[in-house]
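Trainee: I should be grateful for a close look at a single part of this structure, with each term explained as it arises.

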Amino acid sequence: MDICEIIQHQHDEQRRQFAELEQWPRDDTEGLSAVWDRLAILLETHAEAEERFFYPPLLALGTGAADAPSADEEVEDAVGDHNKIRDAVRRAGEEKVGTDAWWTAVVDANVANSKHMGEEERQDLADFRQQASLELRHEVAIDFQRFMAQKAAEGITPRNKNPEKYVDRESGEKVTAADRSAGPKEPSHTASEQE
Ligand SMILES: [Fe+2]
Ligand SMILES: [Fe+2]
């Protein structure tokens, strides 16, 4: 298994489920509600699993990729984005399913999530692919999927986090030589301009 593949795949599944909602018969509020609830659970379990299992080793090994100058920057940004997605999901939960206000909150969640996924793919995932060993990518995938499976059955309560405090708290995970990529020991590739 590979955590980078799993995250990429779950992003595609999130895009697919938003597209499903857009095409759903608008008068079938029971169906809309069920499809949305399933997506909201996927968004939250995915975000929480990244915060628990993916970002800490990224903070330890990452060097910054694409338009992110450092792993700290990548993660701080990502946790802030997760909070924005949570806020929109929460707003949708407060509105009557199928109303204009509900659709606005759902589309706001889609916009925040799309922006976040694009950034996470070109920064966080690109950085981890270049810096982490295949063994570590496998180990993180096991922890991540274990959590996803447990929460899919139990449910999960969304909790916003302070991005700066998160990075301070989660930095310093111990890594060994085996956790590092087997390739040349060089920083990840970056863009001509950074954030
Ligand atoms: Fe993600
Ligand atoms: Fe994320």
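Mentor: The account below follows one helix, α3, and the parts around it.

This is a predicted model, in which local features need pLDDT of at least 70 and side-chain atom pairs count only at pLDDT 80 or more, while totals for chains, interfaces and linings use all residues. Residues are numbered from 1 along each chain as its sequence is written, and chains are lettered from A and ligands numbered from 1 in the order in which they are written.

Helix α3 covers residues 71-94; helices here are DSSP runs of H or I with at least four residues, and strands are runs of E with at least two, numbered from the N terminus. At 1.5 Å a residue, its 24 residues should span 34 Å, and the 35 Å between its end C-alpha atoms agrees with this; the expected span is 1.5 Å times one less than the number of residues.

Among the buried residues of α3 are V75, V79, H82, I85, R86 and V89. A residue is buried if 20 or more other C-beta atoms, placed from the backbone, lie within 10 Å of its own, exposed if 12 or fewer, and partly exposed in between. An α-helix has 3.6 residues a turn, so residues three or four places apart point the same way. The cover over the buried residues of α3 includes α2 (29-61), α4 (100-131) and α6; contact requires C-beta atoms, placed from the backbone, within 7 Å.

With α4, α3 packs at an angle of about 165°, the axes being 9 Å apart. Axes are lines fitted to C-alpha atoms, for helices over the stretch in contact, and angles run from 0 to 180 degrees between N-to-C directions. The two helices are therefore roughly antiparallel: angles over 145 degrees count as such, under 35 as roughly parallel, 65 to 115 as roughly perpendicular and the rest as oblique. The contact of α3 with α4 has eleven nonpolar, three polar and ten charged residues. Ala, Val, Leu, Ile, Met, Phe, Trp, Tyr, Cys and Pro count as nonpolar, Asp, Glu, Lys and Arg as charged, and the others, Gly among them, as polar.

With α6 (residues 163-170), the angle is about 130° and the axes are 8 Å apart, so α3 and α6 are oblique to each other. Here D72, V75, E76, V79 and G80 of α3 meet P163, E164, Y166 and V167 of α6. These contact residues divide into five nonpolar, one polar and three charged.

Finally, A66 lies in the loop between α2 and α3. A66 has a positive phi of about 55° although it is not a glycine, and with 19 other C-beta atoms within 10 Å it is partly exposed.

Terms used:
Two residues are in contact if their C-beta atoms, placed from the backbone, lie within 7 Å.
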